Structures are given as structure tokens and as C-alpha cells.
Amino acid sequence: MSSCFPATLTYDTLRFGEFEDFPETSEPVWILGKEFNALTEKEEILSDVTSRLWFTYRKNFQPIGGTGPTSDTGWGCMLRCGQMILGEALVCRHLGRDWRWVRGQKQKEEYISILNAFIDKKDSYYSIHQIAQMGVGEGKSIGQWYGPNTVAQVLKKLAMFDSWSRLVVHVAMDNTVVIEEISEYSLFDRSDMILQQTPFKSNTALWKPLVLLIPLRLGLSDINEAYIETLKQCFMLPQSLGVIGGKPNSAHYFIGYVGEELIYLDPHTTQPAVEPYEDGQVPDETYHCQHPPCRMHICELDPSIAAGFFCKTEDEFDDWCMRIRRVSLYGRLILLTVIAVKYRISILLEEQLHNEMSCSIFFFSCPATEEACPCLS
């Protein structure tokens, strides 16, 4: 199992360091909804991992807020993980999941635009500056460590200003996804329809690409093993953006698994801030992890995580709803609940329903309403 990199490492140190090669195993390797064979597709695996955007600690950037920190070393790891999970969504949005980065190859304009959205400057949509300053509204001072839920809430706010990508970031709380809420916020408003001046034939044409972030608690101090198989299943979904989490005060971006090990990108590497060229191109080699990815046993995962999913179309969201309902019943405990009506229902199953086995309902609630509650019928 690969060890985690301490915050004091630099990219030059890493470049000449030794990394554990990917394991020779017959077990399937799952990375963000794609299945690979480690025995016959090792190059494909490494190419896929390298193509993910890798955001790490940086130093010598513009002071945050004008007078604040010029480096996020030691405190910005979860912020960088938030950048990575959203960066993956933007890649899927503009380039597609099958896009591959090739070192030294001239890149598409869309790729350059994505990278510029994360450059460490105050006017970039998703820069460390924007995330840190927006976090103040979430009760986090600049330089303070974030949890998965905080970074999810911040990304939701920042996405509203990204007129190019036109994403909707929805944060589903209480382990519950309410379809009505998704439908409400993932459709163009009337001003969009007027500006386009074209008739829409169906609701699909109105759909805004959706980034669904779901903060989850998978145990108390340690991950409950009953959730492990269900969590693995999430990496197998074609809509998967991965998981942000890690260990206490040490965040990682998890992109898949092999056997009992999670595969992740580690932000704990300090690299110099990057300045775009005059023509807008970005020296991008340090934004791609060009060594075998890190791995850790799934039982070492801190139980506080946030899972991410991307649905470019309404059909993809409908497909996700169908798949996640199956995934939630895969393990012994429900990971999350998807409901279509406005009544919020939280049901925790003690055991998986198998054959004639019964389930125990530990918590069941509906908000007060004047209408008849269908849960009681």
C-alpha cells in the first residue's frame, strides 16, 4: 500500500521518488465508472489516472484577499480535493469521460478554459482564492481546514457564477436525494429560453448539466464495514465523479478501487504556482499525476466523505436514480435514499432484504403538512 505524501514534499522530490507500481492482480480495477484489467490494461489504467486533473498545494501565488496566505500548504488539501472532483465534472461536461491527456500534445481550447478556471488567481472561477473566501460565509476563516460538506457547499455557490459551464451543483443533505429538488434547480429559467429564441421540444432540452454532491457519514470514528461494498459500487456507476474524504485533517480524492484498496490522488505535494502564457496557454504538466496512483485500504477511510456524480442530461439522471436504488440495497445498510415526492422520508435498514428476510425501520419522519401524508396510507 502506498504511503501518503507529507505536506513538505515538492514536485521535484516526487519526480525522483520511488512509487509502488500498480498491483499485478486478476481483480477488476474500477476508476470513475470504467472497468480495467490490471494484467492486460496497465497502460490504459495509468493513462486514465494521468488524465484526471491533479490539484495540489501551491506556493508563491497572489495573497488570498490581498493580504492573506500565499500558499495553502498544510491547510488546503480538502479545498484541492474539491477542485479535483469539480474539475472531473468539467472535463466530463466539455471533453467527455473518455478524453485523454497526452504530455506535450497541443490541447483543445475547452481544456485550456477548464484549467484556467482553477489557476491560483482571485478572478478564476474555482481558484483557491475563491474557495477560501467563499468559505468565510460557511463559518471557515481563510487558512482553516474544510470538511467534505463545507467544500461541497462552497462549490455550489461558486458554480452559479460560471456562465460558461452552466452547471447546477446540488448538495443532497441527510443522505436523501429529492428528485423534485433536482428538477427544480436543473432546468433553464425563462430568461434562458428567451435568450436562445428557439422552441424547446422536451424537458431534456431544458436540462442543465448536474453535479450531485452527497455528504455521507459512514460510521462514528471508523467506517462501518457494512457500507464498504456499497461504497465500492458507487465507483462503478458511469456517472461517478469519485469521493472526497480521507483521514482526519488529511484529505484525498478517491477515484476508484481494486480489491480492498481505494485508488486516490493526493494533494499533499507543494508545487510552485503556475502563470499562464501570454497567449492564454497553461504549462500543464504539474496538473497531471504522472506516476502510479496512491492506494490505501478501504478500512482506513475516515467515515465523513462526500460522493460526487455528474449527469449531463436528464436521461443520465434518471439512469442514475435507477442504479443508485439498486446500489443502496446492495449492502446491509442503506447508503442513501432517493425519493420522488416532496415528503422527506429517512429509512435505515438493519439488514439487506433477502428473500423473506424482514427489515427494521429505525427512523421514519415526515414534516408537518396540511395534506394527507402518503407515508401513512
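This passage describes the fold, the nonpolar cores and selected surface sites of a predicted model.

The protein chain has 377 residues, of which 52% count as buried. Its secondary structure comes to 10 helices and 13 strands. Contacts between distant parts of the sequence are frequent. Among contacts with a separation of 6 or more, 68% join residues 24 or more positions apart. The chain exposes about 17500 Å². Carbon and sulfur atoms supply 51% of that area.

The largest nonpolar core has 66 residues. Val29, Ile31, Val211 and Tyr253 have the most contacts inside this core. Helix α3 gives the most to the core, with 11 residues. Apart from this core lies another, of 40 residues. Tyr264, Met296, Ala307 and Val338 are among the members of that other core.

Helix α3 covers residues 77–94. The helix is mostly covered, and 18 of its 18 residues are buried. Its length was also checked. At 1.5 Å a residue, the 18 residues should span 26 Å. The C-alpha atoms at the two ends are 25 Å apart, which agrees with the expected span. Just after α3, Gly96 takes a positive phi of about 95 degrees.

Val211 shows how a core residue is surrounded. Leaving out residues up to four places away in sequence, Val211 touches Leu86, Ala89, Leu167, Val168, Val169, His170, Leu241, Phe309 and Phe310. One of these partners, His170, is found in strand β4. That strand runs over residues 168–171. His170 has a relative accessible area of 6%. Buried means under 20%, so His170 is buried. Its own contacts, again without residues up to four places away, are Glu181, Ile182, Leu210, Val211, Leu212 and Leu213.

Two further helices were examined for burial. Helix α2 spans residues 42–51. Its buried residues are Lys42, Ile45, Asp48, Val49, Thr50 and Ser51. What covers them includes the strands β1 (28–31), β2 (34–37), β8 (250–258) and β9 (261–265). Helix α9 spans residues 228–236 and is mostly covered. Seven of its nine residues are buried. These are Ile228, Thr230, Leu231, Lys232, Gln233, Cys234 and Phe235.

The surface was considered next. Glu24 sits in the loop between α1 (11–15) and β1. Its relative accessibility is 58%. The cut-off for exposed is over 50%, so Glu24 counts as exposed. Glu24 nevertheless has partners further along the chain. Leaving aside neighbours within four places in sequence, Glu24 is in contact with Leu39 and Lys42. Glu24 and Leu39 are 15 residues apart in sequence. In space, their C-alpha atoms are 6.0 Å apart. The other partner, Lys42, is one of the buried residues of α2.

A second surface site is nonpolar. Tyr125, Met160 and Phe161 make a patch of about 360 Å². Met160 lies in the loop between α6 (148–159) and β4. With a relative accessible area of 64%, Met160 is exposed. The strand that follows this loop, β4, holds the buried His170.

Note on methods: Residues are numbered from 1 along each chain as its sequence is written. This is a predicted model: local features need pLDDT of at least 70, side-chain atom pairs count only at pLDDT 80 or more; totals for chains, interfaces and linings use all residues. Side-chain values use heavy atoms; hydrogens and water are left out. Patches are made of residues with over 30% relative accessible area and no salt bridge: like charges are joined within 9 Å, nonpolar side chains (Val, Leu, Ile, Met, Phe, Trp, Tyr) within 5 Å. Accessible areas come from the Shrake-Rupley method with a 1.4 Å probe; for residues, only the protein chains shown count as cover. A salt bridge is a side-chain nitrogen of Lys or Arg within 4 Å of a carboxyl oxygen of Asp or Glu. Helices (H or I, at least four residues) and strands (E, at least two) are DSSP runs, numbered from the N terminus. Buried means under 20% relative accessible area, exposed over 50%, partly exposed in between (1.4 Å probe, protein chains only). The expected span of a helix is 1.5 Å times one less than its number of residues. A nonpolar core is a set of buried Ala, Val, Leu, Ile, Met, Phe, Trp, Tyr and Cys residues joined through side-chain atoms within 4.5 Å. Contact means heavy atoms within 4.5 Å.
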